[in-house]
Amino acid sequence: MLQTTRAIVLRTIKYKDSSLIADVYTDVRGRCQLALRIPKTGRGKVPVVLFQPLALLELEIDVRPHTSIYKVAEAKTLQPFADIPFNPYKQAIVMFLSEFLTRALREEEQNLPLFEYLYYSISFLDGSREGFSNFHIVFLLRLSRFLGIYPNFENYHTGDYFDLQNATFVGLRPLTHTHYLSPEEAAYIPQLSRINFETMHLFRFSRTERSRMLAVLNEFYRLHLPDFPELKSLQVLRELFD
């Protein structure tokens, strides 16, 4: 059965000499894998060059029972990127988010609100002309809501610690683990919880502060998502925005 779906490319992996396996996140099937044939002549019905990290595509896939990897009958770009391919800072963000989402998104069922969030976020990044240095911070913080691990930012009191393992403010330093923020760092959280894509350009953080926020968010995800690894692209992103 042929099924039309919107898709966000997470990554591609070469399979043998003539094929690629593409991990994508779709609006109708959640995460799935696609088999792509690399044409010998450079021309094919399904251009593999479209399957770049976080590309926004419309696909026609052949869905069959008892098959975990689908064939692609047709592919076209839904929204060509205007700036990402030419902007090294955005390319670094895309490289990081591609690796991050490949590890974080595991649902093999429809989650339309999550798909729409990803689609909107990527489109917003491409259309931003300035003031996007906080994009990845905002993206990761908002993404946690769709994955069901959004921290409890309520009931803050001056002097509180933030317990990363239990995702909430606490009045006393946790004694059973070391995954927490000091009162000085926890004081930033009420402000950070209000930031969004539209207002992120108004928040001025030093490179040290931004690097620390990214490290804390990465630690939070590692605590709350099973088998979430260290990300190779994390250091590249830190260095570029330094």
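In this predicted model, the accessible surface of the protein comes to about 13,000 Å². Carbon and sulfur atoms account for 51% of that surface. What about the inside: what share of the 242 residues is buried? The answer is 46%.

Now for the overall build. The chain folds into seven helices and eight strands. If you follow the C-alpha trace along its principal axes, the protein spans about 65 × 40 × 30 Å. A compact globule with 242 residues would have a radius of gyration near 18 Å, and the protein comes out at 20 Å, so the two agree.

How do distant parts of the chain meet up? Take the contacts between residues at least 6 apart in sequence: 61% of them join residues at least 24 apart.

Then there are the charges. You'll find 28 positive and 27 negative side chains here. The centres of the two sets lie 7 Å apart.

**Three helices with a ruler**

Let's check some helices against the rule of 1.5 Å a residue. The table puts three of them side by side.

| Helix | Length | Expected span | Span in the model |
|---|---|---|---|
| H1 (residues 88-104) | 17 residues | 24 Å | 24 Å |
| H2 (112-127) | 16 residues | 22 Å | 22 Å |
| H6 (residues 207-224) | 18 residues | 26 Å | 26 Å |

For H1, the rule gives 24 Å and the end C-alpha atoms are 24 Å apart, so the expectation holds. For H2, the 22 Å between the end C-alpha atoms agrees with the expected 22 Å. H6 reaches 26 Å from its first C-alpha to its last, close to what the rule expects.

How much of H1 is covered? Mostly covered is the verdict, with twelve of its 17 residues buried. Among them are Ile93, Val94, Phe96, Leu97, Phe100 and Leu101. The buried set of H1 isn't just greasy-sounding names, though: Lys90, Ser98, Glu99 and Thr102 are in there too.

H2 has its own buried residues, including Leu114, Phe115, Tyr117, Leu118, Tyr119 and Ile122. Asp126 is also one of the buried residues of H2. What covers them? The cover includes strand S1 (2-15), strand S2 (19-26) and S4, along with the helices H1 and H3.

Over in H6, the buried residues include Met213, Leu214, Val216, Leu217 and Phe220. Arg210 and Asn218 are buried in H6 as well.

**Two residues with a positive phi**

Leu54 and Asn155 make a nice pair to look up in the structure. Leu54 has a positive phi of about 65° although it is not a glycine. Asn155 has a positive phi too, about 60°, and is not a glycine either.

Where do they sit? Leu54 is in the loop between strand S3 (30-37) and strand S4 (56-62). Asn155 is in the loop between helix H3 (135-146) and strand S6 (161-163).

Are they buried or exposed? Leu54 has a relative accessibility of 1%, and buried means under 20%, so Leu54 counts as buried. Asn155 has a relative accessible area of 57%; the cut-off for exposed is over 50%, so Asn155 is exposed.

**Three partly exposed residues**

Partly exposed residues fall between those two cut-offs, and here are three of them to find.

Start with Pro190, which belongs to helix H5 (residues 189-192). Its relative accessibility is 21%, so Pro190 counts as partly exposed. Leaving out residues up to four places away in sequence, Pro190 touches Tyr156 and Phe169. You can also link Pro190 back to Asn155: they are 35 residues apart along the chain, and their C-alpha atoms are separated by 9.8 Å.

Next is Thr77, in strand S5 (residues 69-77). Thr77 has 34% relative accessibility, which means partly exposed. Which residues does Thr77 touch, not counting those up to four places away in sequence? They are Leu50, Leu56 and Leu57. As for Leu59, it is 18 residues from Thr77 along the chain, with 8.8 Å between the two C-alpha atoms.

Last comes Ser133, in the loop between H2 and H3. With a relative accessible area of 25%, Ser133 is partly exposed. Ser133 and Tyr89 are 44 residues apart along the chain, while their C-alpha atoms are separated by 8.4 Å.

Methods: Residues are numbered from 1 along each chain as its sequence is written. This is a predicted model: local features need pLDDT of at least 70, side-chain atom pairs count only at pLDDT 80 or more; totals for chains, interfaces and linings use all residues. Side-chain values use heavy atoms; hydrogens and water are left out. Helices (H or I, at least four residues) and strands (E, at least two) are DSSP runs, numbered from the N terminus. The radius of gyration is taken over C-alpha atoms; the globule rule is 2.2 Å times the number of residues to the power 0.38. Buried means under 20% relative accessible area, exposed over 50%, partly exposed in between (1.4 Å probe, protein chains only). Contact means heavy atoms within 4.5 Å. Accessible areas come from the Shrake-Rupley method with a 1.4 Å probe; for residues, only the protein chains shown count as cover. Lys and Arg count as positive and Asp and Glu as negative; His and the chain ends are not counted. The place of a charge is taken as NZ of Lys, CZ of Arg, CG of Asp or CD of Glu. The expected span of a helix is 1.5 Å times one less than its number of residues.
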